[in-house]
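The following exercises are to be worked with the sequence and the model at hand. Each task is followed by a solution in steps.

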Amino acid sequence: METYLEENFGGVKAKNSSEEALRRWRKLCSVVKNPKRRFRFTANLDKRGEAQAIKHANHEKLRVAVLVSKAALQFIHGLSLRSEYVVPEEVKAAGFQVCADELGSIVEGHDSKKLITHGGVTGIADKLATSPTDGLSTDEERIKCRQDIYGVNKFTESEVRSFWVFVWEALQDTTLIILAACAFVSLVVGIAMEGWPKGAHDGLGIVASILLVVFVTATSDYRQSLQFKDLDKEKKKIQVQVTRNGFRQRLSIYDLLPGDVVHLAIGDQVPADGLFISGFSLLINESSLTGESEPAVVNEDNPFLLSGTKVQDGSCKMMVTTVGMRTQWGKLMATLSEGGDDETPLQVKLNGVATIIGKIGLFFAVITFIVLSQVLISKKYHEGLLLSWSADHALEMLEHFAIAVTIVVVAVPEGLPLAVTLSLAFAMKKMMNDKALVRNLAACETMGSATTICSDKTGTLTTNHMTVVKACICGNIKEVNNPKSASNLCSELPEIAVKTLMESVFNNTGGEVVINEEGTYQILGTPTETALLEFALSLGGDFKAKRNEAKIVKMEPFNSTKKRMSVILELPGGRCRAHCKGASEIVLAACDKYIDETGGVVPLDKTTADKLNGIIESFANEALRTLCLAYMEMEEGFSVEEQIPLQGYTCIGIVGIKDPVRPGVRESVAICRSAGIMVRMVTGDNINTAKAIARECGILTEDGLAIEGPEFREKNLEELLELVPKIQVCYA
């Protein structure tokens with residue numbers, strides 16, 4: 001049986017199965033009593049085809065729109081354009097100057113001409129009664145009014161089906177329909193022969209059995225559908241950073257409205273259609289919407305951001321213009337949700353098992369009917385009454401047929417694939433209670449057969465609550481794990497070094513220090529950025545004052561490939577200065593000077609470089625994450641179009657950031673190991689930091705191996721086969 005299942009049902013993967021494989025196994029399921037029930041949680045391939053057609057149409061539409069916009073821009077620069085757009089009365093009465101359909105046509109069609117006639121991004125902001133810097137007002141009445149005019153950021157979902165719909169679906173079972181026919185005939189013949197109620201006993205018994213099966217099946221399916229609805233809600237709980245009333249805050253994507261100012265960074269999904277306000281090096285992956293693999297560059301010249309796309313690189317502020325079902329993503333999602341999720345490999349194989357058992361059950365049902373009927377037919381044949389049938393004989397044959405159908409009902413495990421879906425849903429819910437959100441149902445199934453767990457370090461094995469506990473600035477190594485020690489460090493450092501450090505931390509960051517509605521300071525950003533900003537504030541720094549002293553003219557956000565973040569500042573007087581921070585060994589290798597204990601900039605000789613590398617290693621051995629900060633005075637005539645330099649920096653200092661191991665991690669690793677599951681750490685941190693954390697977690701053992709990514713990639717197949725079983729830590 002295993003071979004048969006593998007050959008016929010083994011082509012389906014946990015993710016991204018081919019359409020041919022999905023269609024093939026459906027054709028093989030020939031014995032299906034109730035297709036509506038059996039295939040309820042399988043993908044609707046026809047709907048998926050529609051979604052692909054929409055993607056293709058989007059791609060063509062955007063391609064044409066971009067070409068038309070480029071051509072139009074060549075003519076409209078320098079011309080005064082008049083808009084023929086008329087604001088609808090209800091929009092005007094609500095205090096706005098542009099309607100939802102007009103906004104949708106601008107962004108969805110990449111219509112630069114229309115955007116310019118409306119006054120560009122600033123003009124749209126004015127017409128939406130919002131501010132590109134402070135965002136929307138949080139006045140509830142205005143929010144409600146805006147929702148009425150522009151709608152909410154929610155997609156149309158399939159309605160929750162009532163219990164009676166599941167009852168109706170359960171009644172579609174072929175064998176139950178046959179049994180119902182048997183019950184009807186039995187009632188008619190029985191009552192005609194023996195009268196009421198004696199003649200109705202057999203028929204009513206079959207009806208009771210049918211109702212019992214139908215209501216048990218419908219109840220199970222209805223509860224299961226509610227379970228999936230709850231899971232779906234949990235999976236869609238996504239929050240973004242938004243500015244409202246001048247305050248940065250986290251908001252659900254469902255609460256976004258046209259006019260909201262949203263902050264996006266690498267990895268974020270664009271939550272609604274909108275326009276680019278400001279940002280740096282922004283690349284958007286539009287493949288989910290158009291199928292186009294090449295990322296789109298978004299800037300002031302091409303400010304259009306589409307819902308459902310992803311930030312591949314860079315960061316930006318965007319203004320929401322269109323929400324919900326008015327976006328192209330909303331229309332696509334409606335089709336995709338009808339298409340359903342891929343079935344899991346176990347579901348497919350269980351469908352195969354159900355089909356095999358069904359065929360066997362059908363075979364024995366036929367044999368049973370033949371054997372039972374043969375006795376009666378033989379008797380009538382010998383009596384010469386083969387063509388003479390009484391009502392009693394007809395009832396007897398009907399009973400034989402009902403027995404055969406009952407065998408099919410019992411033998412074909414129609415609910416088997418559904419049972420595994422339900423068990424996976426329960427596993428998903430249980431993991432959710434343990435704060436582990438599983439977005440793909442097949443993952444619960446795959447985990448059951450896992451032999452290796454590859455885990456990230458930051459935020460998974462550690463708490464992701466980071467603080468700077470050690471710093472090496474101007475050659476001085478100090479512990480700075482409390483405000484007093486930070487204040488002492490500040491007093492011991494030259495003023496120029498402190499000033500340069502503050503300038504670096506407060507400007508070369510993806511985080512922000514804001515005052516919240518309670519009037520207290522709040523640090524927004526990644527845990528690493530938060531730790532650095534807390535450190536600079538503890539030294540007496542003023543975020544807003546430092547940001548106002550210089551203008552950021554170019555930024556290259558941090559990503560896992562470069563392992564560094566750089567920024568170009570325009571200082572008073574017109575000079576430019578570059579700041580860089582990132583993985584200590586990479587940034588230090590880019591330095592040829594450093595700030596000494598007097599605050600002077602001196603050449604970085606081999607002895608000092610070795611000393612600093614030793615400090616990095618000692619920090620790492622204490623399980624600290626290390627970052628190096630550096631700066632560079634730019635030559636006159638530097639243009640923002642040029643690349644930010646990779647070499648020639650001056651080292652400001654090195655900081656060691658503590659990220660404590662989560663409670664219970666060591667015990668969990670021990671449990672996995674006792675169950676025969678190998679736990680490995682894969683991280684982008686310094687190899688020594690990774691090893692120290694891995695030892696603390698119980699991952700790295702005496703006979704285990706820690707290896708760096710470049711070294712791993714150079715190995716041939718034979719060496720890899722020997723190495724892989726021993727690898728416990730890998731530095732990417």
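**Exercise 1.** Determine how the span of helix α24 (residues 606–621) compares with the expected span.

*Solution.* In this predicted model, α24 has 16 residues. From its first C-alpha to its last, the helix reaches 22 Å. At 1.5 Å a residue the expected value is 22 Å, and the span of α24 is close to it.

**Exercise 2.** Establish how the buried residues of α24 are arranged around its axis.

*Solution.* Step one is to list the residues with under 20% relative accessible area. In α24 these are T608, A609, L612, I615, I616, F619 and A620. Step two is to look down the axis of α24: the buried residues fall within an arc of 135°, so they line one face of the helix. Step three is to inspect the face turned away from that buried side, which carries the exposed residues K606 and T607. Just after α24, A623 takes a positive phi of about 65°.

**Exercise 3.** Describe the surroundings of T327: is this residue buried or exposed?

*Solution.* First, locate T327 in the loop between β7 (310–322) and α14 (328–339). Second, consider its relative accessible area: the value is 0%, under the 20% cut-off, so T327 is buried. Third, identify its contacts. Leaving aside neighbours within four places in sequence, T327 touches F155, D273, S307 and T322. Fourth, examine its side chain, a polar atom of which lies 2.8 Å from the backbone oxygen of G324. Finally, compare sequence with space: T327 and E108 are 219 residues apart in sequence, yet their C-alpha atoms are 7.5 Å apart.

Terms used
Residues are numbered from 1 along each chain as its sequence is written. This is a predicted model: local features need pLDDT of at least 70, side-chain atom pairs count only at pLDDT 80 or more; totals for chains, interfaces and linings use all residues. Side-chain values use heavy atoms; hydrogens and water are left out. Helices (H or I, at least four residues) and strands (E, at least two) are DSSP runs, numbered from the N terminus. Buried means under 20% relative accessible area, exposed over 50%, partly exposed in between (1.4 Å probe, protein chains only). Contact means heavy atoms within 4.5 Å. A polar contact is a pair of N or O atoms within 3.5 Å; within protein, one must be able to donate a hydrogen and the other to accept it, and residues adjacent in sequence count only if both atoms are side-chain atoms. The expected span of a helix is 1.5 Å times one less than its number of residues. The arc is that of the directions from the helix axis to the C-beta atoms.
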